[in-house]
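The exercises below are to be worked with the sequence and the coordinates open. Each task is followed by a solution in steps.

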Amino acid sequence: MKTIRLHEGKERSLLRGHPWVFDTAIARGRADLGETVRVEAADGRFLAWGAYAPASRIRVRAWSWDEAERIDAGFFERRLCAAIGLRERMGIDSDGVRLVHGESDGLPGLIVDRYADVLVAQFGASGVERHKGLLADTLLRLTGLTRLYERSDAGVRQREGLPAVTGWLRGQGGTEVTIREHGWRLTLDVASGHKTGYYLDQRDSRRACADLVRRFGCAQVLNAYCYTGGFTVAALAGGAQHVVSVDSSAPALQRAQQHVQMNGLPAERASFVDADVNATLRAYLAEGRRFDMIILDPPKLAPSAAHLQRAARAYKDVNRLAFKLLNPGGALLTYSCSGAVSVELFQKIVASAAHEAGVRAAILQRHSAAPDHPVALAFPEGEYLKGLLVVRT
């Protein structure tokens, strides 16, 4: 077993249970890609077992802090059983569920989503890449499924020194899947859909949207960055008189229209706009249009801290436009999925947007990822999605 020795004082984060060891913390030692290493403090004390990534700034991702534990097939089965068992106890009203959420489930770099009878996995770190075959077989055995599609095409793979890989890892067949969510039917393509196919993290926010439309009587709704129309379906199901859905992807809009139809919702109450969101909001403002609810769920604008200032300006601009388009008493559901944008910073950005728009507003709810996306207490980086329900007062 190869050993990684840290510089003096660099063991503190591991001792607090944080799973990452950065390259600058390492005094000596190296290993092969994904190889399990023993991590020691400067004085030789055992700290953790971890997976080594020679090309990554995150040089080691910790598997376990138990010196007696062995990182073998039994270890991975125990971790997967615990993760899947946790979701089974949640009583999630959907057959689209995140089964494994990386570091927060003790499996750094591994994302596994279940869409009906298909598993989709992202192997985003060298450790889980090294054990990919074992993990795939164990996942299928524990879930009783036969097909697993790999979506290891996220940017983090490049930072780990790993190539992008997509395709059937186990099984074969079509990649179109239909899931149910809160009584709605939604379709996705596990080969080409965003993330692993769909935004499961917004499941509870979509239900909240339907409830809010119903309780607040929101007649006119604008769904910006609508993607395949999950929030559109929710707003119509809640009783909205008309929902305008805006996105710059024609295929996504086509699927959104299909979702309205397949859920038996009135097509005449929905319109779809293939255009840039900011330009569309500015045009609506010039036309004097107003809405009772606006949903802003943009893509990740700050993939890293280096993009933070530019992303903050973009978030503020689109929220400012939304506030100006919102009727008094109207509701804004606004989100950020950028991990580099903290909960506190996001609130400040939205507050600044309201101020510049010349409106007063109050937070009624804070939203986060659905509970099948847990956040380990020692790993705050896992809390990437944050949202606010803001009412214009």
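**Exercise 1. Find the bridge partner of Arg 151 in strand 11 and describe the sheet around this pair.**

Solution. The model is a predicted one.
Step 1. Arg 151 has Thr 166 of strand 11 as its bridge partner.
Step 2. Strand 10 (residues 148-152) pairs with strand 11 in the antiparallel sense, and five bridges connect them.
Step 3. An open sheet of five strands has the order 7-8-9-10-11, with mixed pairing. Its edges are strand 7 (96-101) and strand 11 (165-170), each of which pairs on one side only.
Step 4. From one strand to the next, the twist averages 20°.
Step 5. Helix 2 (residues 73-90) packs on the sheet and touches strand 7 and strand 8 (110-115). The direction of helix 2 makes about 145° with that of strand 7.

**Exercise 2. Determine which residues touch the most other members of the largest nonpolar core, and which helix gives the most to this core.**

Solution.
Step 1. The largest nonpolar core has 42 residues, and those touching the most other members are Tyr 115, Cys 209, Val 221 and Met 293.
Step 2. Helix 7 (residues 230-237) gives the most to this core, namely five residues.
Step 3. Take Cys 209 and set aside its neighbours within four places in sequence: the contacts are Phe 231, Ala 234, Ala 235, Met 293, Ile 295 and Leu 333.
Step 4. A separate second core has 31 residues, including Leu 222, Leu 325, Phe 346 and Ala 354.

**Exercise 3. Decide whether Cys 209 and Cys 337 are in a disulfide or in none, and whether each is buried or exposed.**

Solution.
Step 1. A disulfide needs two cysteine sulfur atoms within 2.5 Å. By this rule the count is zero.
Step 2. For Cys 209, the nearest cysteine sulfur belongs to Cys 218 and is 8.2 Å away, and Cys 209 is in no disulfide.
Step 3. Cys 209 has a relative accessible area of 0% and is therefore buried.
Step 4. For Cys 337, the nearest cysteine sulfur is that of Cys 226, 15 Å away; Cys 337 is in no disulfide.
Step 5. Cys 337 is also buried, with a relative accessible area of 16%; the cut-off for buried is under 20%.

**Exercise 4. Compare the reach of helix 10 with the expected value, and list what covers its buried residues.**

Solution.
Step 1. Helix 10 (residues 308-325) has 18 residues and reaches 26 Å from first to last C-alpha, close to the 26 Å expected at 1.5 Å a residue.
Step 2. Among the buried residues of helix 10 are Ala 311, Tyr 315, Asp 317, Arg 320 and Leu 325.
Step 3. The cover over the buried residues of helix 10 includes helix 9 (277-287), helix 11 (343-357), strand 17 (291-296), strand 18 (326-336), strand 19 (361-368) and strand 20 (386-392).

Key
Residues numbered from 1 in each chain as written. Predicted model: local features only at pLDDT ≥ 70, side-chain atom pairs only at ≥ 80, totals over all residues. Heavy atoms only, no water. Core = buried A, V, L, I, M, F, W, Y, C linked by side-chain atoms within 4.5 Å. Buried < 20%, exposed > 50% of the residue type's maximum accessible area, 1.4 Å probe, protein only. Helix = DSSP H or I, 4+ residues; strand = E, 2+ residues; numbered from the N terminus. Contact = heavy atoms within 4.5 Å. Pairing = 2+ DSSP bridges. Axes fitted to C-alpha atoms, helices over the stretch in contact; angles between N-to-C directions. Expected span 1.5 Å × (residues − 1).
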